[in-house]
Every structure is written in C-alpha cells, then in structure tokens.
Amino acid sequence: MASPGTEGAAAGGDGAGGSSCKFSDADSRDCILEPLSLPESPGGITTLEGSPSVPCIFCEEHFPVAEQDKLLKHMIIEHKIVIADVKLVADFRRYVLYWKKRFTEQPITDFCSVIRTNSKAPFEEQDNYFLLCDVLPEDRVLREELQKQRLKEILEQQQHERYDTSFHGVCMFCSEEFTGNRSVLLNHMAREHAFNIGLPDNIVHCSEFLETLQKKLDNLQCLYCEKFFRDKNTLKDHMRKKQHRRINAKNREYDRFYVINYLELGKSWEEVQLEDDRDLLDHQEDDWSDWEEYPVCAVCLFCEKQADTTEKLYIHMEDAHEFDLLKIKSELGLHFYQQVKLVNFIRREVHQCRCYGCHLKFTSKAELRNHMEKTKHISMLPERTTWDQPQYYFPTYENDTLLCALSDSEGDLSAEGLKEDDIPVISEDVSNLQALKQSSVLNQLLQGEGSKSQRKQKATVGTLG
C-alpha cells in the first residue's frame with residue numbers, strides 16, 4: 001500500500017518525489033510539532049542497549065521506545081499522519097504494530113479523518129493530512145484493551161512486590177540498609193525521617209522509584225521544589241527547614257509508580273481522587289462528630305519561620321524581630337479587619353523587599369530584614385492611612401494561614417471606635433425557623449411597639465372621656 005505521503009502528493013498533482021507544499025522539506029523538518037520539555041536529569045534520556053524499538057506505521061524506519069517523539073515527528077513529516085492523544089495510549093509499541101498491520105489490509109481513508117491544509121490556496125499547493133483518533137470505534141476499543149492489559153500487568157507486578165522478601169535497599173537519609181520486604185524501608189523513612197511517599201501497597205516498581213529519588217538527591221536536587229544546591233549539607237538543611245522531605249505531586253515523572261494512575265483510561269490520580277470526593281459528598285450525612293482539627297502552620301511576617309500555633313509565632317516575632325503584633329493591636333485598637341489589612345500590608349512590603357519605615361528597597365529579603373532589625377524600623381509602622389486601605393483586604397499570599405488565626409474576640413466586633421462602614425453585619429441562624437420566630441429580636445421590637453400603641457389608645461380614650 002502506498003504511504004499517505006504518496007497519496008497526498010498524488011492528490012496535489014505532483015510526482016512521487018513529494019508534494020509542492022508552502023514550506024520546503026528542510027523547513028518542515030525544523031518545525032516544532034510537539035510540546036518541548038527539558039530533560040529531567042542531566043544528560044537527557046539514555047537509551048538502553050537491547051531495548052525494543054518501535055517501527056514506523058508505513059515504512060521500515062525504527063526508533064527506540066524512549067525516542068517516541070522522533071517517531072511521531074517522522075510520521076507527520078514523511079507520511080502526513082497524526083495520532084491524537086498519544087499520551088493516552090497505554091502501550092504505544094503494540095498500538096503502532098496493530099495499525100501497521102491494519103493499514104496493509106485496507107486503505108488509510110477507511111480509518112482516518114482527512115484534513116486538507118491550505119484549502120483556500122491553489123489546488124497544487126493543498127495537502128492532505130490523516131488523523132487517527134479514538135473517534136473511530138476500532139481505535140477506541142484498541143486503546144481500552146491496551147489499558148486493560150497494562151493494568152493487569154501492573155497489578156501482577158504490584159502483587160509480586162507486596163510479598164517479595166528479597167528486597168534490598170538503603171535509606172536515603174541515614175544510609176541504613178534494609179532487607180526483606182519493601183515496606184520495611186518505606187515505613188522507616190516515614191517514621192524516622194518524616195518522608196512519606198504513600199502506602200507501600202499503592203506503589204509499583206518500588207526499586208526503580210527509590211533509584212529515581214536517590215539520583216535526584218545525588219545530583220543535589222530538592223525532591224519537592226526541585227532546586228539544585230551546592231553541597232549535601234545545604235540541601236539537607238533546606239529540606240529540613242522548609243519541610244521539603246516529600247515529593248512534588250505535580251511532577252508527572254512519578255505517576256508511573258502509583259497504581260491509581262493505571263485505573264482508568266486518560267485519567268490521572270487527581271481526576272480519580274476528585275471523582276471519589278464527589279461520591280463522598282453525594283452520600284455524606286450531616287454528622288461531624290468524628291471531625292478532627294489538624295494544626296496548620298503559619299509563617300512569620302519577616303522570615304521563613306513556621307509555627308503550628310499563633311502563640312508560638314507571636315513569641316518568635318517578638319523575640320527574633322522585636323515585633324509585638326498583640327501589643328500593636330491593643331495600642332491601636334485594631335479590630336479583626338484592620339488586623340487583616342495590616343498583615344497584608346506588611347506581607348506585600350516584605351515581598352517587594354521594601355522597608356515600610358524609610359521606603360528603601362533592597363535586593364533580597366535577608367538584606368531588608370537586617371536593615372530593619374538594625375534601624376529598629378520593624379516596629380515603626382507608617383500612618384494608619386497608609387495601610388488601612390481597602391486594597392489590603394486581599395491577601396498577599398493566597399495560602400496565608402496567619403489571616404485565619406487572627407483574634408476575633410467580642411471586643412473586635414464592638415461598635416466602639418468603628419466607622420459606620422466597618423461595622424460587620426452578623427446574620428442570625430436560620431437553620432431552625434420555628435426557634436427563630438420565638439427567639440428573634442424582632443419579637444421584642446414588635447412587643448415594644450404594641451405596648452406603645454396600647455398606651456396611646458388608653459390616653460386617647462381617657463381624653464375623650
């Protein structure tokens with residue numbers, strides 16, 4: 001069968017040497033036809049000797065499995081065929097071999113949608129491209145079967161690893177060796193080093209997973225923020241202080257090591273988890289008796305120090321920076337919303353490396369902090385009109401938990417000293433309408449009005465009498 005590239009050329013009226021396209025062949029080879037990404041590790045991906053190769057659907061060209069993008073580019077340029085949603089194909093090699101066989105049995109137009117490019121150009125400059133996607137029922141069934149086969153293989157591998165007692169590994173943080181089952185090492189790192197990559201039963205290809213993480217640490221790379229450091233001690237201090245002893249959940253490199261990513265075709269663990277949460281919301285009852293409140297760390301206004309309670313954070317800011325937020329709140333008589341404005345103002349000034357005492361700007365937060373501590377500008381707040389502005393209702397950092405922990409006592413909600421526009425409106429509880437009717441303050445007002453009306457009536461009757 002002639003390749004679609006030859007058919008497209010024939011349709012364009014040119015010879016077998018290629019179609020007369022808008023761009024030259026050399027220009028086409030230089031086009032960026034897929035999203036680009038930098039290699040995850042220095043030196044890029046190395047192809048293992050003896051690894052299986054993937055053939056082109058139409059010719060005898062072969063490409064290593066690790067060079068899948070090169071094969072896709074070759075098929076687009078040389079044969080004008082595009083495979084949609086390649087990332088959703090569970091086994092790309094089997095997928096290509098299947099269609100290579102089918103295209104020898106029937107014309108390509110029986111399976112692919114034809115896309116004509118340059119449709120408004122002269123006929124000889126037009127060209128045909130062929131789209132292979134899961135809109136075709138046969139392609140959809142093939143993708144689902146490959147997904148089921150991959151899931152079966154993954155579950156078999158997971159089952160083998162769960163009961164395997166020949167595992168041998170070394171802790172990435174203390175170099176202690178472990179033998180037996182993989183769960184021994186994983187539980188050790190979670191318990192002793194607060195490094196948790198998930199339950200052992202949810203992980204597959206565990207040894208390869210640990211090797212991937214170890215290589216990143218050997219390259220002096222943080223596993224969470226993925227920044228590089230100059231030496232191991234600096235990296236360890238960074239991961240400990242920043243609480244970065246965890247992996248980056250948004251890094252898709254790790255998806256293949258978790259069984260949940262193989263469960264449904266085209267769905268990541270985030271989408272599967274979101275569906276599970278929706279199911280819980282649909283079936284949940286209004287019983288919150290088992291609710292447990294977990295501490296949320298708040299961050300210092302001037303440095304990276306974190307504390308699990310506001311009391312500890314206030315003590316730190318007073319001891320380390322001579323900034324007493326509670327004292328300022330008391331002296332200035334700040335209610336809750338004014339505290340929010342003040343915190344957001346300070347956050348923004350520190351983020352911009354600008355001293356709010358003298359308005360000097362610095363190149364780093366460390367320089368700013370040293371300046372403010374030496375000049376005592378930390379406690380020199382500007383005039384209230386500078387920070388008590390509506391724009392500071394909006395948080396500088398969307399995850400600033402200190403805002404949620406600010407004091408909201410009854411004194412903060414009193415009307416004394418507040419502007420009319422700043423008095424908060426507190427709605428009544430309307431969960432029980434019958435109780436609301438009996439206890440509502442409106443009843444007292446109505447009774448008061450009724451008493452006044454009765455007194456006026458009596459007074460009128462007495463006058464007439």
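This note sets out points on the fold, the cores, one helix and one pocket of a predicted model.

1. Overall composition. The chain has 465 residues, of which 32% count as buried. Its secondary structure comprises 16 helices and nine strands. Where contacts join residues at least 6 apart in sequence, 51% of them link residues at least 24 apart.

2. The largest nonpolar core. This core contains 30 residues. L301, F302, F323, I346, Y356 and L406 have the most contacts inside it. Two or more residues each are given to the core by helix 10 (310–321), helix 11 (325–332), helix 12 (336–351) and helix 13 (365–375). Helix 12 provides the largest share, namely seven residues. In soluble globular proteins, nonpolar side chains tend to be buried together.

3. Surroundings of I346. Which residues does I346 contact, once its neighbours within four places in sequence are set aside? The partners are L301, F302, F323, Y356 and L381. Of the residues with the most contacts inside the largest core, I346 is one, as are L301, F302, F323 and Y356.

4. A second core. Separate from the core described above is another of 27 residues. Among its members are F63, L71, C112 and L136.

5. Helix 13. Residues L368, R369, H371 and M372 of helix 13 are buried. Why do they fall on the same side of helix 13? They span an arc of only 165 degrees around the axis, and therefore share that side. The buried residues of this helix pack against helix 10 and helix 12, and helix 10, helix 12 and helix 13 are each among the elements that give two or more residues to the largest core. After helix 13 comes K376, which has a positive phi, near 60 degrees.

6. The second largest pocket. The space in this pocket amounts to about 1000 Å³. Its lining consists of 27 residues, and those nearest the centre are K242, V299, E304, Q306 and N399. At least two lining residues come from each of helix 8 (232–241) and helix 12. The largest share, three residues, belongs to helix 8. Helix 12 thus has a place in the text twice: it contributes to this lining and supplies the largest share of the largest nonpolar core.

7. Character of the lining. How many residues in the lining of the second largest pocket are nonpolar, polar and charged? The lining divides into 12 nonpolar, seven polar and eight charged residues. Charged residues nearest the pocket centre include K242 and E304.

Note on methods. Residues numbered from 1 in each chain as written. Predicted model: local features only at pLDDT ≥ 70, side-chain atom pairs only at ≥ 80, totals over all residues. Heavy atoms only, no water. Core = buried A, V, L, I, M, F, W, Y, C linked by side-chain atoms within 4.5 Å. Buried < 20%, exposed > 50% of the residue type's maximum accessible area, 1.4 Å probe, protein only. Helix = DSSP H or I, 4+ residues; strand = E, 2+ residues; numbered from the N terminus. Contact = heavy atoms within 4.5 Å. Arc of directions from axis to C-beta. 1 Å grid on protein atoms, 1.4 Å probe; cavity = no way out; pocket = protein on both sides within 12 Å on 5 of 7 lines; lining within 4 Å. Points joined across faces, edges and corners; volume = space filled by probe spheres on them.
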